[in-house]
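Q: Pick one part of this model and walk me through it closely. I'd like to know what it is made of, what packs around it and which side chains hold on to which.

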Amino acid sequence: MKDSSHKRHIAKAVTWRIVGTIDTILLSWFISGNPFTGLKIGFAEVITKMALYYFHERIWFRVKLGVKRNGDDSKKRHLAKTISWRAVGTLDTMLLAWIITGDPVTGLQIGFAEVVTKMIFYYLHERTWYKIDFGLPNRRERDKEVAEVTEG
């Protein structure tokens, strides 16, 4: 059977990037005082973050940390993914903001500001995607089998 999880991870990368880019644009605009700086940083991130997010998803797909015996992901797993992604994402934002503004302090301010907003948004994004079966066609079948074994 062909692994359809690649489609899922691409879809998750796209939806997360939309949320993340809007957040970055608004934070960068607010901190720099310049809407064009916010747009530059936000759009630069689209390319870097899409690639980074895809590879982050592929790594976590292979790592079974926080996967329950029945195959479900624990909330601790979602939290660990949130923290690891935020570390990668914040470093990327800080570097891009520094390069675009020419000011390392602005890069740090934008990076630290988004730590809070992005962790909240990312956790909600993860929990939402966990409820969606796209790219995981066997997940509901597995859940039924586990339920039947448990009941029977």
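A: What follows is a close look at helix H2 and the side chains around it.

First, some housekeeping: this is a predicted model, in which local features need pLDDT of at least 70 and side-chain atom pairs count only at pLDDT 80 or more, while totals for chains, interfaces and linings use all residues. Residues are numbered from 1 along each chain as its sequence is written, and side-chain values use heavy atoms, with hydrogens and water left out.

H2 covers residues 35–62, 28 residues in total. Helices here are DSSP runs (H or I, at least four residues), numbered from the N terminus. The ends check out: at 1.5 Å a residue the helix should span 40 Å, and its end C-alpha atoms are indeed 40 Å apart. That expected span is 1.5 Å times one less than the number of residues. There is still a kink of about 35° in H2, centred on Val46; the bend at a residue is the angle between axes fitted to the seven residues ending there and the seven starting there. Val46 also has a distant partner in sequence: Val14 is 32 residues away along the chain, yet the two C-alpha atoms are 9.2 Å apart. Val14 sits in helix H1 and, at 35% relative accessibility, counts as partly exposed.

At the start of H2, a side-chain oxygen of Asn34 comes to within 2.8 Å of the backbone nitrogen of Phe36.

Now for what's hidden. Buried means under 20% relative accessible area, exposed means over 50%, and partly exposed is in between (1.4 Å probe, protein chains only). The buried residues of H2 include Gly38, Ile41, Gly42, Glu45, Lys49, Tyr53, His56, Glu57, Arg58 and Trp60. Their cover includes helix H1 (5–32), helix H3 (75–101) and helix H4 (104–130).

Lys49 is a good one to zoom in on. This H2 residue counts as buried because its relative accessibility is 2%. Leaving aside neighbours within four places in sequence, Lys49 is in contact (heavy atoms within 4.5 Å) with Arg17, Trp85, Gly89, Asp92 and Thr93. With Asp92, Lys49 forms a salt bridge, the closest N and O atoms being 2.8 Å apart. Asp92 lies in helix H3 and Lys49 in H2, so the pair ties together parts that are 43 residues apart in sequence. Both partners are buried. A salt bridge here is a side-chain nitrogen of Lys or Arg within 4 Å of a carboxyl oxygen of Asp or Glu, and the structure holds 10 of them.

Further along H2, buried Glu57 belongs to a salt-bridge network with Lys12, Lys81 and Glu126. In that set, the side chains of Lys12 and Glu126 meet at 2.8 Å, N to O. Lys12 lies in helix H1 and Glu126 in helix H4, so this pair bridges parts that are 114 residues apart in sequence. Lys12 is buried at 4% relative accessibility, and Glu126 is buried at 2%. Glu126 also makes a side-chain polar contact with His78 (3.3 Å). For a polar contact, a pair of N or O atoms must be within 3.5 Å; within protein, one must be able to donate a hydrogen and the other to accept it, and residues adjacent in sequence count only if both atoms are side-chain atoms. His78 lies in helix H3 and is buried, with a relative accessible area of 2%.

Tyr53 is H2's link to the greasy part. The largest nonpolar core has five residues: Ala13, Trp16, Tyr53, Trp85 and Tyr122. Such a core is a set of buried Ala, Val, Leu, Ile, Met, Phe, Trp, Tyr and Cys residues joined through side-chain atoms within 4.5 Å. Beyond its neighbours within four places in sequence, Trp85 touches Trp16, Lys49, Leu52, Tyr53, His56 and Tyr122.

Back on the other side of the kink, the contacts of Thr24 include Ile41, Gly42 and Glu45, along with Glu114 and Lys118. Thr24 is in helix H1 and is buried at 1% relative accessibility. Its side chain makes a polar contact with that of Glu114 (3.3 Å). Glu114 in turn forms a salt bridge with Lys118, the closest N and O atoms being 2.9 Å apart. Both lie in helix H4, four residues apart, about one turn of the helix. Glu114 is buried at 1%, and Lys118 is buried at 2%.
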